[in-house]
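Hi,

Here is the structure I said I would pass on. Have a look first, and my notes follow underneath.

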Amino acid sequence: QVQLVESGGGLVQAGGSLRLSCAASGSTYTMGWFRQAPGKEREFVAAISRSGSSTTYADSVKGRFTISRDTAKNTVYLQMNNLNPEDTAVYYCAARGGLILTVRPDAYDYWGQGTQVTVSS
């Protein structure tokens, strides 16, 4: 069983930055970040391979968000810059045993509890 614990959410003004962290127990997995705004479906944000050498991003965050990982600490990060109110959501960390980076939420096996990110205008 893998446990994922997110941290780093909060309230920030438009144009500001936040860094989310996701600490994982157990083995190294392909990791992803998703988000869900009120009344909307959960959507893909970014994913990173086990080694950290491959990443992929949603078009809406490309150039503003960066996913990275520290394999020694088994922790994944999401650096979010130039935030705007449309980025407001609960952000979830997810892990999957497969090697392929995928945007599908149902392909991920484990999920964190989520952390709220609120961007004010």
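Where is the place of Asn82? Asn82 sits in the loop between S8 and S9. Keep in mind throughout that this is a predicted model. Asn82 caught my eye for its backbone: its phi is near 50°, which is a positive value in a residue other than glycine. With a relative accessibility of 48%, Asn82 counts as partly exposed.

Asn74 is worth viewing alongside. Its phi is also positive, near 50°, and again the residue is not a glycine. You will find Asn74 in the loop between S7 and S8. Its relative accessibility is 12%, so Asn74 counts as buried.

Now for the strands. I would start from S4, residues 30-36. Six of its seven residues are buried, so the rest of the structure largely encloses this strand. On one pairing, S4 runs antiparallel to S9 (residues 89-96), with seven bridges joining the two. S4 also pairs antiparallel with S5 (residues 43-48), this time through five bridges. Arg35 takes part in both pairings: its bridge partner in S9 is Tyr91, and its bridge partner in S5 is Glu43. Elsewhere on the S4 and S5 pairing, Met31 stands opposite Ile48.

S4 and S5 make a hairpin with six residues between them, and Gly39 in the turn has a positive phi of about 75°. S5 itself is mostly covered, with five of its six residues buried. From S5 you can carry on to S6, since three bridges join these two antiparallel strands. Ala46 is opposite Tyr57 there. S5 and S6 form a hairpin as well, again with six residues between the strands, and Gly52 in it takes a positive phi near 90°.

Next, the charges, which I suspect you will want to look at in detail. The count comes to five salt bridges. Which residues are linked in a network of salt bridges? They are Arg35, Glu43, Arg64 and Asp87.

Two of the pairs in that group involve Asp87:

- Asp87 and Arg35 form a salt bridge with their closest N and O atoms 2.9 Å apart. Asp87 lies in the loop between S8 (75-80) and S9 while Arg35 is in S4, so this pair ties together parts that are 52 residues apart in sequence. Both residues are buried.
- Asp87 and Arg64 also meet in a salt bridge, at 2.8 Å from N to O. Arg64 is in the loop between S6 (55-57) and S7 (65-70) and Asp87 in the loop between S8 and S9, so here the parts tied together are 23 residues apart in sequence. Arg64 is buried, as is Asp87.

Another salt bridge joins Asp106 to Arg104, with the closest N and O atoms 2.9 Å apart. Asp106 has a relative accessibility of 60% and so counts as exposed. Arg104 is partly exposed, with a relative accessible area of 48%.

Then there is Arg69, in S7. What is the nearest side chain of opposite charge to Arg69? Asp70 is, at 8.3 Å, and Arg69 is buried yet has no salt bridge. Its side chain does find backbone oxygens: that of Tyr29 is reached at 2.9 Å, and that of Ser49 lies 2.7 Å from a polar atom of the Arg69 side chain.

Last, the nonpolar part. In soluble globular proteins, nonpolar side chains tend to be buried together. The largest nonpolar core here has 35 residues, and those with the most contacts inside it are Met31, Trp33, Leu78, Met80 and Tyr91. The elements giving two or more residues to this core are S3 (18-24), S4, S5, S7, S8, S9 and S11 (115-120).

Tyr91 makes a good place to centre your view. Leaving aside residues up to four places away in sequence, it touches a list of residues that includes Leu20, Trp33, Phe34, Val45, Phe65, Leu78, Met80 and Val117. Arg35 is also among the residues Tyr91 touches, and as noted, Tyr91 is the bridge partner of Arg35 in S9.

Over to you!

Methods
Residues are numbered from 1 along each chain as its sequence is written. This is a predicted model: local features need pLDDT of at least 70, side-chain atom pairs count only at pLDDT 80 or more; totals for chains, interfaces and linings use all residues. Side-chain values use heavy atoms; hydrogens and water are left out. Buried means under 20% relative accessible area, exposed over 50%, partly exposed in between (1.4 Å probe, protein chains only). Helices (H or I, at least four residues) and strands (E, at least two) are DSSP runs, numbered from the N terminus. Two strands pair if DSSP finds at least two bridges between them. A salt bridge is a side-chain nitrogen of Lys or Arg within 4 Å of a carboxyl oxygen of Asp or Glu. A nonpolar core is a set of buried Ala, Val, Leu, Ile, Met, Phe, Trp, Tyr and Cys residues joined through side-chain atoms within 4.5 Å. Contact means heavy atoms within 4.5 Å. Lys and Arg count as positive and Asp and Glu as negative; His and the chain ends are not counted. A polar contact is a pair of N or O atoms within 3.5 Å; within protein, one must be able to donate a hydrogen and the other to accept it, and residues adjacent in sequence count only if both atoms are side-chain atoms.
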